[in-house]
Amino acid sequence: MTAFKYLTTQQFQALPRVAQRFLRYVTIDTQSDPRSSTTPSTDKQKNLGRLLVQELHKIGITDAMMDGYGYVFGTIPATNPSTSQVVVALLAHMDTSPDEPGDDVEPVIHANYNGDPVVFPADPALSLTPEQQPALLNHLGEDLITSDGTTLLGSDDKAGVAVLMQLAEDLFADPTLIHPTIRLCFTIDEEIGRGVESLNLDTLGADVAYTLDGSSIDNISFETFNAAAATIEIEGTMVHPGYAKGIMVNALRIAAEFISLLPSDEAPETTSGYEGYLHPHSITQSNAARASIELIIRDFTDEGLLEKKQLIKNIAKGLQQKYPASMISCTINDQYKNMRSYIEATDPRTISFSHEAAHQMGLTLKEHVVRGGTDGARLSEKGIPTPNVFNGGYDYHSRFEWNTVQNLKRSLAFTKKLMACWASAHRLFKTE
Ligand SMILES: [Zn+2]
């Protein structure tokens, strides 16, 4: 077994198997790298991939394999193939965030957490308190898992990986746990936005899917922005500045005026939750003769997106009228749609079954909106509805990152109940 600096063999062996897996997986460095152009971005992600394939074979998943990009696949056959027709993919990403160190992770268990500040043995200056993170108080008496303070923990998303591996073992060991055909998929490079870029959907072979990559124990997310991008091109009139009176039209001044007319209360820096925004992010041509402004437009509703697009067009039109000697054009392209629209059209049971499974555990899921793109959003758009469900972790992408032994068990129990719900789904949504 792996030797842990802050954990004895006896302590390790006393843990539930899902937590043992988690501790083993977090010690394998799988950090992705946004500067790399290879797939996977770092070859070391395959070290975990190879281990997972070996362990899946041992569990009895004979078709477990890793493809050339580093994606790991394996099938858990349905308990009753004649009644259970929907193939459910369960995904977790193997890579960890490049935001903080991810090598030589030394997990620490803070047994029976009592609400005091959490102390990190290798960095006593670092402290995690309930004032910073009130969710800690929901886990009093539980066994907190953190890093030693010098690295990420990597619960994002090795908690998801550990839960799915344990699910496979438990479903194979206990035939009374009913479930549909499950395609396990461990992905690469999620943290650098390339999580499903090279994923072969035929190999995945699923009708619906879930990512186990959400924080906390009561979180489901299936809403992302509707997104569009705009380019405003401004052509001025250039003459020698010494003789420019009444003739020169300075494109830079018009660009500055355009930006000043954008509502300041609809900016990423002034909005949260369900509020959309307009975000000028670059000026690609910038001289007095010519200026181009690039903006992104985000809103959760179709109407909201339309209004924001119209606002941009109106500002451009107003400036054109004010400066008739200039040429101002405005091009707007849609980028992606709120994943909710795809999920509801393809199979809304992905959401209702999640609520049902949580309800059976006495939990009420909170629907959480994602203010950015996700792997699940891309899969949903490609026809595989993919909500994101919780893996128990908190404070992702920081050295404070933590999970609890009990949350890993909750995430595992939830996933089992969710699969039992799908075992009774006899048909694809559209044929029902
Ligand atoms: Zn993640």
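Buried residues account for 44% of the 432 residues in the protein, going by a predicted model. The C-alpha trace stretches over about 85 × 60 × 40 Å along its principal axes, and the chain folds into 11 helices and 17 strands. Sequence-distant contacts are well represented: of the contacts between residues at least 6 apart in sequence, 76% join residues at least 24 apart.

The protein splits into two domains. Domain 1 is made of two pieces, 9-223 + 339-431, while domain 2 covers 226-336. Their C-alpha centres sit 41 Å apart. As for the contact between them, domain 1 puts in 5 residues and domain 2 puts in 4 residues. On the domain 1 side, the touching residues break down into 2 nonpolar, 1 polar and 2 charged.

Now for the sheets. One is an open sheet of 8 strands with mixed pairing, running in the order S1-S2-S8-S3-S9-S16-S10-S15. Its edges are held by strand S1 (65-66) and strand S15 (366-370); each has a single partner strand, so one side of each goes without a neighbour in the sheet. Further in, strand S9 (residues 208-214) and strand S16 (residues 388-390) run parallel and are joined by 3 bridges. Thr211 has Asn388 in S16 as its bridge partner.

Strand S2 (residues 72-76) carries Phe73. Is this residue buried or exposed? Phe73 counts as buried because 22 other C-beta atoms lie within 10 Å, the cut-off for that label being 20 or more. Setting aside neighbours within four places in sequence, the contacts of Phe73 are Met65, Arg183, Leu184, Cys185 and Thr203. Met238, by contrast, is a long way off: 165 residues along the chain from Phe73, with 60 Å between the two C-alpha atoms.

The other sheet to look at is open too, with 4 strands in the order S12-S13-S11-S14 and antiparallel pairing. Here strand S12 (277-286) and strand S14 (327-336) take the edge positions, and since each has a single partner strand, one side of each is left without a neighbour in the sheet. On average, neighbouring strands in this sheet are turned by 20° against each other, ignoring direction. Strand S11 (residues 226-235) pairs with strand S13 (residues 290-299) in the antiparallel sense, over 10 bridges, and Ile234 faces Ala291 in S13. Helix H6 (residues 251-261) packs on this sheet, where the helix touches S11, S12 and S13. The direction of H6 makes about 15° with that of S13.

That leaves the nonpolar cores. The largest has 81 residues, and within it Val88 and Leu164 touch the most other members. Helix H4 (residues 155-173) is the top contributor to this core, giving 9 residues. Which residues does Val88 touch, not counting those up to four places away in sequence? They are Pro180, Ile182, Ala206, Val208, Ala209, Met419 and Trp422. Apart from the largest core lies another, of 22 residues, with Ile232, Ala251, Ile293 and Ile328 among them.

Definitions and conventions: Residues are numbered from 1 along each chain as its sequence is written. This is a predicted model: local features need pLDDT of at least 70, side-chain atom pairs count only at pLDDT 80 or more; totals for chains, interfaces and linings use all residues. Two strands pair if DSSP finds at least two bridges between them. Helices (H or I, at least four residues) and strands (E, at least two) are DSSP runs, numbered from the N terminus. Axes are lines fitted to C-alpha atoms, for helices over the stretch in contact, and angles run from 0 to 180 degrees between N-to-C directions. Two residues are in contact if their C-beta atoms, placed from the backbone, lie within 7 Å. A residue is buried if 20 or more other C-beta atoms lie within 10 Å of its own, exposed if 12 or fewer, and partly exposed in between; C-beta atoms are placed from the backbone. Domain bounds come from an automatic or database domain assignment. Ala, Val, Leu, Ile, Met, Phe, Trp, Tyr, Cys and Pro count as nonpolar, Asp, Glu, Lys and Arg as charged, and the others, Gly among them, as polar. A nonpolar core is a set of buried Ala, Val, Leu, Ile, Met, Phe, Trp, Tyr and Cys residues joined through C-beta atoms within 7 Å.
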